[in-house]
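Colleague: I should like to go through this fold with you before I return to the bench. May I put some short questions to you?

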Amino acid sequence: MYIYGKNVAKEATNVEKVYVSKNFKEQDILDKFDVPIVCVENRKLDEMVNGNHQGIVLKVPDYEYSDITNATGDFIVVLDHIEDPHNLGSIIRTCACAGIDSIIIPKDRSAKVNDTVMKVSEGTLDKVKIIMVTNITTTINNLKNKGYFIYSSDMKGEDYRKLDTTGKKVLVIGNEGEGVGRLVKDTCD
């Protein structure tokens, strides 16, 4: 997989190869890499990725999802079929800033971690575990059995500032168009 951009390059780990524009001037970024660095024309970088590469593209292994047994922390986020990779990347970045360790996504009908997600998340994927599960409802029930209280986001819901959110909790965020699905919502506390 190829990821790109200066901020992503500053945070990237597990890089296999670096491609830079012949005009790339940020030597401090390049100095952190102990892998082959290949100078190419901007046109070549444009062909490699579909976005503003800022003169640098990194070859990295495909993202490896964590197992549900690795879910950690007192606050877990579950994404109920978020489809836009830009939204997934933004949520990952926000969760990393908020200190959330684990994000759970469904295997089907959901954005996957790709180059766009890596770009938008701005290098924060190393700070948050992304866990892919087959069934969100089953996962929520398992988290309940482990003592988590399950909150669901809803435009018609209560003001979150009036809730007692102490203790272990899960926040379920719904799809961009449909919100949280009925079965998932019915499973939430």
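Modeller: Certainly. Please keep in mind that this is a predicted model. One place to begin is D80, which stands opposite G174 in β9.

Colleague: In which sense do β5 and β9 pair, and over how many bridges?

Modeller: Strand β5, residues 75-80, and strand β9, residues 169-174, pair in the parallel sense, over six bridges.

Colleague: What is the strand order of the sheet that holds them?

Modeller: The order is β7-β6-β5-β9-β8, five strands that form an open sheet with parallel pairing. At its edges are β7 (129-133) and β8 (149-152), each of which pairs on one side only. On average, neighbouring strands in this sheet are turned by 25 degrees against each other, direction ignored.

Colleague: Which strands does helix α4 lie across?

Modeller: Helix α4, residues 85-98, lies across β5, β6 (102-106) and β7, and it runs at about 160 degrees to β6. Helix α6, residues 136-145, also packs on the sheet. Helix α6 touches β5, β6, β7, β8 and β9, and its direction makes about 165 degrees with that of β5.

Colleague: Turning to the other sheet, is its pairing parallel, antiparallel or mixed?

Modeller: The pairing is mixed; four strands form an open sheet in the order β1-β4-β2-β3. Because β1 and β3 (37-40) stand at the edges with a single partner strand each, one side of each has no neighbour in the sheet. Here, too, neighbouring strands are turned by 25 degrees against each other on average, direction ignored.

Colleague: How many bridges join β1 to β4?

Modeller: Three bridges join β1 to β4 (residues 56-59), and the two strands run antiparallel. Within that pairing, I3 has L58 in β4 as its bridge partner.

Colleague: How many aromatic pairs does the structure hold?

Modeller: The structure holds three aromatic pairs. One of them is formed by Y2 and Y19, whose ring centres are 6.2 Å apart.

Colleague: Why is that pair edge-to-face?

Modeller: The planes of the Y2 and Y19 rings are at 70 degrees, so the pair is edge-to-face, the cut-off being over 60. The pair links distant parts of the chain, with Y2 in strand β1 (residues 2-4) and Y19 in strand β2 (residues 17-21), 17 residues apart.

Colleague: Now to the pockets. How much space lies in the largest pocket?

Modeller: About 620 Å³ of space lies in the largest pocket. It is lined by 20 residues, and the closest to its centre are Y151, S152, Y160, L163 and L171. The elements giving two or more residues to that lining are β8 and β9.

Colleague: How do the residues of that lining divide into nonpolar, polar and charged?

Modeller: The lining of the largest pocket has ten nonpolar, four polar and six charged residues.

Colleague: And which residues are closest to the centre of the second largest pocket?

Modeller: Those are T13, Y63, M118, L125 and D126, out of 20 lining residues. The second largest pocket holds about 360 Å³ of space, and its lining divides into nine nonpolar, six polar and five charged residues.

How values were computed. Residues numbered from 1 in each chain as written. Predicted model: local features only at pLDDT ≥ 70, side-chain atom pairs only at ≥ 80, totals over all residues. Heavy atoms only, no water. Pairing = 2+ DSSP bridges. Axes fitted to C-alpha atoms, helices over the stretch in contact; angles between N-to-C directions. Contact = heavy atoms within 4.5 Å. 1 Å grid on protein atoms, 1.4 Å probe; cavity = no way out; pocket = protein on both sides within 12 Å on 5 of 7 lines; lining within 4 Å. Points joined across faces, edges and corners; volume = space filled by probe spheres on them. Nonpolar A, V, L, I, M, F, W, Y, C, P; charged D, E, K, R; others polar. Phe/Tyr/Trp six-rings, centres within 6.5 Å; stacked < 30°, edge-to-face > 60°.
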